[in-house]
Amino acid sequence: MTIDSKNGSRRIILASGSPRRRELLEQLGLSFDVITSDVAEQFDPEMPPAEVVQFLADKKGAAVANSIKHGLVIAADTIVVIDEQILGKPDSVSSAKQMLRRLAGRTHTVYSGIAVIDAETMNKKISYRSTVVHMRELSDEEIDVYVESGEPMDKAGAYAIQGIGSTLVTSVEGCYFTVVGLPMSLLAELLWEFGVNVLAVHKPV
Ligand SMILES: Cc1cn([C@H]2C[C@H](O)[C@@H](COP(=O)(O)OP(=O)(O)OP(=O)(O)O)O2)c(=O)[nH]c1=O
């Protein structure tokens, strides 16, 4: 297998509208395009969380891969799980507050799945990581003020560990980037399978 020193010969496409995922990929110095699809994030409620994030990452990636001829498509999905219940992105201010009331003072698990798909062959590699997150106790007033910031609204579980939400998290067990939405070491492993060595793609920091 030839490993590209840069992804030069290989077009990489990020199938995600998430600015966080874009920023994380940019940090690797990879050149890539962003193409989003509008797949419905629906899944069988009986599906275990690890399968949900892989299923949805695959669905998002396949939708984009099917619309182009060449390129390596990267897609991801993130969910928060507490008491065996899946929390996605809140659809209203009140659901954001409800999610945070549920998470406050407790431990939950964040799952992130990644799918990498070769658009030419539709050969795919899909996997996931999970991280345990401990959140401190929060008063209703703190929750109200945090939700008013707007930050929780497009985040699974209604918080952003990389933002103001960092002040809610006391500790994590596992990969931080899994919580942000793109487990970077897993991404490197999956890209390697397609001949892209992210360690060789560098830019000065
Ligand atoms: C828990 C948590 C989630 N998130 C984000 C990551 C994801 O963007 C989002 C979960 O929703 P996703 O459906 O995984 O992603 P998305 O809709 O933002 O983007 P796309 O489907 O186009 O790829 O929550 C954070 O940014 N920080 C956090 O701490």
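User: I would like to learn how to read single residues first, so in which element does A63 lie?

Analyst: Helices (H or I, at least four residues) and strands (E, at least two) are DSSP runs, numbered from the N terminus. Here A63 lies in helix 2, which covers residues 49–65. This is a predicted model, in which local features need pLDDT of at least 70 and side-chain atom pairs count only at pLDDT 80 or more, while totals for chains, interfaces and linings use all residues. Residues are numbered from 1 along each chain as its sequence is written.

User: Is A63 buried or exposed, or something in between?

Analyst: A residue is buried if 20 or more other C-beta atoms lie within 10 Å of its own, exposed if 12 or fewer, and partly exposed in between, with C-beta atoms placed from the backbone. A63 has 17 other C-beta atoms within 10 Å, and therefore counts as partly exposed.

User: Which residues does A63 touch, leaving out those up to four places away in sequence?

Analyst: Two residues are in contact if their C-beta atoms, placed from the backbone, lie within 7 Å. With residues up to four places away in sequence left out, A63 touches S37 and V39. You can also compare sequence with space: A63 and S16 are 47 residues apart in sequence, and their C-alpha atoms are 11 Å apart.

User: S16 brings me to the ligand, so which residues come nearest to it?

Analyst: A residue is near a molecule if its C-beta atom, placed from the backbone, lies within 6 Å of it. Around the ligand there are 26 residues, of which S16, G17, S18, I161 and G181 come nearest. Strand 3 gives the most to this shell, with 4 residues, and helix 1 (19–27), strand 3 and helix 5 (176–180) each supply at least two. By kind, the shell divides into 9 nonpolar, 9 polar and 8 charged residues, where Ala, Val, Leu, Ile, Met, Phe, Trp, Tyr, Cys and Pro count as nonpolar, Asp, Glu, Lys and Arg as charged, and the others, Gly among them, as polar.

User: Which residue does UniProt give as "active site", and in which strand is D77 found?

Analyst: The unreviewed UniProt entry places the feature "active site" at D77; its positions are given in the numbering used here, feature names are shortened, and annotations may be inferred rather than shown by experiment. D77 is found in strand 3, residues 72–82. D77 is buried, because 27 other C-beta atoms lie within 10 Å. Not counting residues up to four places away in sequence, D77 touches V53, L56, A57, K60, S112 and G113.

User: What lies in the loop between strand 3 and strand 4?

Analyst: D83 has its place in that loop, before strand 4 (85–87), and E84 lies in the loop between strand 3 and strand 4 as well. Most residues other than glycine have a negative phi. In this loop, however, D83 has a positive phi of about 50 degrees, and the phi of E84 is positive too, near 60 degrees. D83 has 7 C-beta neighbours inside 10 Å and so counts as exposed, while E84, with 8 other C-beta atoms within 10 Å, is exposed.

User: How should I read a helix, and which residues of helix 1 are buried?

Analyst: Look for the side on which the buried residues lie; in helix 1 they are R21, L24 and L25. Seen down the axis of helix 1, these buried residues fall within an arc of 95 degrees, so they line one face of the helix; the arc is that of the directions from the helix axis to the C-beta atoms. The face turned away from the buried side carries the exposed residues P19, E23 and Q27. The buried residues of helix 1 pack against strand 1 (12–14), strand 3, helix 5 and helix 6. Just after helix 1, G29 takes a positive phi of about 75 degrees.

User: Which residues are buried in helix 6?

Analyst: In helix 6, which runs over residues 184–193, L186, L187, L190 and L191 are buried. Down the axis of helix 6 its buried residues fall within an arc of 130 degrees, so they line one face of the helix. They pack against strand 5 (107–118) and strand 6 (124–135).

User: How many helices and strands are there in the chain?

Analyst: The chain has 6 helices and 7 strands. Buried residues make up 38% of its 205 residues.
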